[in-house]
Amino acid sequence: MGRTTGAAGASSSGRVGEAGERAESSEWADSGGPDQRSAPTERSGPRGPRKARRTHRLRRALLATLITGAVVVPLAGAARPEIPAPKPAALAPVTAATLDEAYAANRANAAEASRMAAANGSRERAAADRAMADPSRHFLTFDGRGPGLATEVFGDLAHADRIAVLVPGSDTSIETYGRFRNAARALHERLTREAPQGTRTAVVAWLGYETPGTISATVATAGRAEDAAPKLREFVRQLRAIPDRTPSAAGGPHISLLCHSYGSVVCGSAASGLDVDDIALIGSPGTGVDTAGALHTPARVWAARGGDDWVAEVPHIRFDLLGTTVGFGTDPMSPSFGARVFSAGDGGHSDYFSPGSPSLTNLTRIVLGETSEVTHG
């Protein structure tokens, strides 16, 4: 799921290589319109033989990506100096009554991280941290160390009846966070317009794990997802306890998990221990299991893929390579997987939260519980 280099990449110029270069590096593109960089699809020639040849090329490209990532990424990472940042703010478990205190503490931490990054000469990181310290921002968590982690809230979480949690895919970090934030904002704006009177909503952008790099061996394995799974479970557990509940709503808020690209691997790894009502897999390369039932979740499981999403060309395989399991198994869009497939329109890998798109319309309906209104692909 990344870009190939060298002779191996040149001889395997299938969709995986194109997609990694053109789309995965900007999974959460600005939501103002379609991503024009999505990989084109082949539309001519005998479908059966062409598909077989394409799958063969994709497998070769995937292996080339893994080999390239195993060699190139550790060297590149070693050459990059660590950007200094303070430890995260020490906070007690957040409640509705202490939300403002948590928001203020995390903004102060982001401001200090910006100062430290600037003193280190890391201007791009300093600017990103400084933006997160803006008084208008609301972070449940912030950690400026390494690639950075952050959990941002849009809306009135203290009183929310319905909460959407966005889980991002590869190459999402503090430096690229703006793209992820735009997706969360677009959803929040749509929810605000469409929610029935009296229904209060909130959106949470959860960058709570170190996402894999596009050009790395980690993007084709579940290692990062397995590391992230207990963090996501614990976050959802704490999140469910935050909103103030009236006696008539004592059961807690309705929580929908919206998982994009590699984020769907994270959600698949965490699913069996998640107390959520809906799990939507969008632009998914797979979840690590072959059926929705194997996720062992009582949540409704949804799946969607845009008509121009390059991830459709990724082979849905799973095999062992040098002691590591590569690939994520059955396509969640496949009837055999058993998800509730909904329409995402003709958009590309970065377009699921584009204003006016069928995917955003349907995701809004899922979050609001208007499941009978969801259009199916």
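**Close-up views of a predicted model**

**View 1. Strands S3 and S4 lie side by side in the sheet of this predicted model.** Strand S3, which covers residues 162-167, and strand S4, which covers residues 201-207, pair in the parallel sense over five bridges. Within this pairing, Val165 has Val204 of S4 as its bridge partner. The sheet to which these strands belong is open and has eight strands, arranged in the order S1-S2-S4-S3-S5-S6-S7-S10 with mixed pairing. Strand S1 (139-143) and strand S10 (340-341) stand at the edges with a single partner strand each, so one side of each lacks a neighbour in the sheet. In the chain as a whole there are nine helices and ten strands.

**View 2. Helices H4 and H9 pack on the sheet.** Helix H4, formed by residues 99-119, lies across S1 and strand S2 (149-155), and runs at about 25° to S1. Helix H9, formed by residues 358-368, touches S3, S4, strand S5 (254-260), strand S6 (278-282) and strand S7 (300-304), and its direction makes about 150° with that of S5.

**View 3. Helix H6 packs against helix H9.** Helix H6 (residues 177-194) and H9 meet at an angle of about 60°, their axes being 10 Å apart, and the crossing of the two helices is right-handed. From H6, the residues Ala186, Leu187, Arg190, Leu191 and Glu194 take part in the contact, and they meet Leu360, Thr361, Thr364, Val367 and Leu368 of H9. Sorted by class, this contact of H6 with H9 comprises six nonpolar, two polar and two charged residues.

**View 4. Arg190 of helix H6 is shown with the residues that it touches.** When residues up to four places away in sequence are not counted, Arg190 touches Leu360, Thr361 and Thr364, and these three residues are among those that H9 brings to its contact with H6. Arg190 has a relative accessible area of 13%, and is therefore buried, the cut-off for this class being under 20%.

**View 5. Tyr177 and Phe180 form an edge-to-face aromatic pair.** A search of the whole structure finds seven aromatic pairs. In the pair formed by Tyr177 and Phe180, the rings are 5.9 Å apart centre to centre, with 90° between the planes. Because these two residues are three apart in helix H6, about one helical turn separates them. Tyr177 is buried, with a relative accessible area of 2%, and Phe180, at 0% relative accessibility, also counts as buried. Ring pairs link Phe139, Phe142, Tyr177 and Phe180 into a cluster.

**View 6. Tyr262 and Phe328 form an edge-to-face pair that links distant parts of the chain.** The rings of Tyr262 and Phe328 are 5.9 Å apart centre to centre, and the angle between their planes is 80°. Tyr262 belongs to helix H8 (residues 262-270), whereas Phe328 lies in the loop between strand S9 (324-326) and S10, and the two residues are 66 residues apart. Tyr262 is buried, with a relative accessible area of 0%, and Phe328 is buried as well, with a relative accessible area of 4%. For the chain as a whole, buried residues make up 53% of the 377 residues, and among contacts between residues at least 6 apart in sequence, 70% join residues at least 24 apart.

Key. Residues numbered from 1 in each chain as written. Predicted model: local features only at pLDDT ≥ 70, side-chain atom pairs only at ≥ 80, totals over all residues. Heavy atoms only, no water. Pairing = 2+ DSSP bridges. Helix = DSSP H or I, 4+ residues; strand = E, 2+ residues; numbered from the N terminus. Contact = heavy atoms within 4.5 Å. Axes fitted to C-alpha atoms, helices over the stretch in contact; angles between N-to-C directions. Left-handed = near helix turned anticlockwise from the far one by under 90°. Nonpolar A, V, L, I, M, F, W, Y, C, P; charged D, E, K, R; others polar. Buried < 20%, exposed > 50% of the residue type's maximum accessible area, 1.4 Å probe, protein only. Phe/Tyr/Trp six-rings, centres within 6.5 Å; stacked < 30°, edge-to-face > 60°.
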